[in-house]
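Trainee: I am new to this structure and would like a close look at a single part of it. Please take one helix and describe its surroundings.

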Amino acid sequence: EAEEPVQRLLDARIDPYAGGGAAGLHRARCILPRRARDVLRRQPQLVAPAVHAFYNRDVADMRACQDMCMFPTKGDTAAGGDGAELVVAAVRFSRCLYAQLKQQRFSVSPKSFGAIPPPSPPDYEARLVGTTLCCGLEILAARGQARRGPTAGARASASAATTEVLAVEGLPDLRASIAALPARGILRDELAGFH
């Protein structure tokens, strides 16, 4: 421990960061398909892998986003969509993840994503953030589906607790993708033993 005046100076500099965990979080209003909202409610830890998948996407990943099989975002069938119900959800990001998602340039194709409102209405930002987050989830699901064959052993070695946590009904490809994350060095300790 340092002398009293030095210690007070150190404490004064450290105090603003002492409870900084909550200050680093950001809640964003997103318009997403109900299925994506349900997955994120059950598995909020998927926000980070989804953002990273979208942030580090490549051409093959964007092919998965063109179809949007797991999380269709087209919405109302009267507007030319596929009937996926879009809902408003508050999604919690770290400030860094939110900044990564927002700074990515992404041209939204009406063919794949339905009609995005023009930039002026309040729903524009929520729909754009929700669409990019859904793309990240879709990329995770596509990567899991691509890994199904040769890496079955790596997925089988996932702990029973991890398998229980990843029990998202009706989304086997997303489960497979998430189960493969520890083998790639992602979420290694975070998923093990999580109940």
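Mentor: Read along the sequence, the protein follows the pattern α-α-β-α-α-α-β-α-α-α-α-α-α-α. That pattern holds twelve helices and two strands. The model is a predicted one. Of its 195 residues, 40% count as buried. Among contacts between residues at least 6 apart in sequence, 81% join residues at least 24 apart.

The part to look at is helix H4, which spans residues 47-55. Its buried residues are Val-47, Pro-49, Ala-50, Val-51, Ala-53 and Phe-54. The cover over these buried residues includes H3, S2, H6 and H8.

Take H6 to begin with, which runs from 95 to 103. Two packed helices are described by the angle between their axes and the distance between the axes. For H4 and H6 the angle is about 30 degrees, and the axes are 10 Å apart. The crossing of H4 past H6 is left-handed. On the H4 side, Ala-48, Val-51, His-52, Phe-54 and Tyr-55 take part, and they meet Leu-97, Gln-100, Leu-101 and Gln-103 of H6. An α-helix has 3.6 residues a turn, so residues three or four places apart point the same way.

One residue on the H6 side deserves its own note. Gln-100 lies in helix H6, and leaving out residues up to four places away in sequence, Gln-100 touches Val-51, His-52 and Tyr-55. Gln-100 counts as buried because its relative accessible area is 16%, under the 20% cut-off.

Next comes the core. The largest nonpolar core has 33 residues, and the members touching the most other members are Leu-32, Leu-40, Phe-71, Val-91, Phe-93 and Leu-133. At least two residues of this core come from each of S1, H3, H4, S2, H6 and H8. The largest share is that of H8, with eight residues.

Leu-133 ties H4 to this core. H8 covers 123-146. Apart from neighbours within four places in sequence, Leu-133 is in contact with Val-47, Ala-50 and Val-51, among others. Its contacts also include Leu-32, Leu-40, Val-91, Phe-93 and Leu-101. Of these, Leu-101 is also among the H6 residues that meet H4.

Last is Phe-54, one of the buried residues of H4. The charged end of Arg-57 sits over the ring of Phe-54, 4.1 Å from the ring centre. Phe-54 is also among the H4 residues that meet H6. As for rings paired with each other, the structure holds one aromatic pair.

Terms used. Residues are numbered from 1 along each chain as its sequence is written. This is a predicted model: local features need pLDDT of at least 70, side-chain atom pairs count only at pLDDT 80 or more; totals for chains, interfaces and linings use all residues. Side-chain values use heavy atoms; hydrogens and water are left out. Rings of Phe, Tyr and Trp (its six-membered ring) pair if their centres lie within 6.5 Å; planes under 30 degrees apart count as stacked, over 60 as edge-to-face and the rest as tilted. A charge sits over a ring if NZ of Lys or CZ of Arg is within 6 Å of the ring centre and within 35 degrees of the ring normal. A nonpolar core is a set of buried Ala, Val, Leu, Ile, Met, Phe, Trp, Tyr and Cys residues joined through side-chain atoms within 4.5 Å. Buried means under 20% relative accessible area, exposed over 50%, partly exposed in between (1.4 Å probe, protein chains only). Helices (H or I, at least four residues) and strands (E, at least two) are DSSP runs, numbered from the N terminus. Contact means heavy atoms within 4.5 Å. Axes are lines fitted to C-alpha atoms, for helices over the stretch in contact, and angles run from 0 to 180 degrees between N-to-C directions. A crossing is left-handed if the near helix is turned anticlockwise from the far one by less than a right angle, and right-handed if clockwise.
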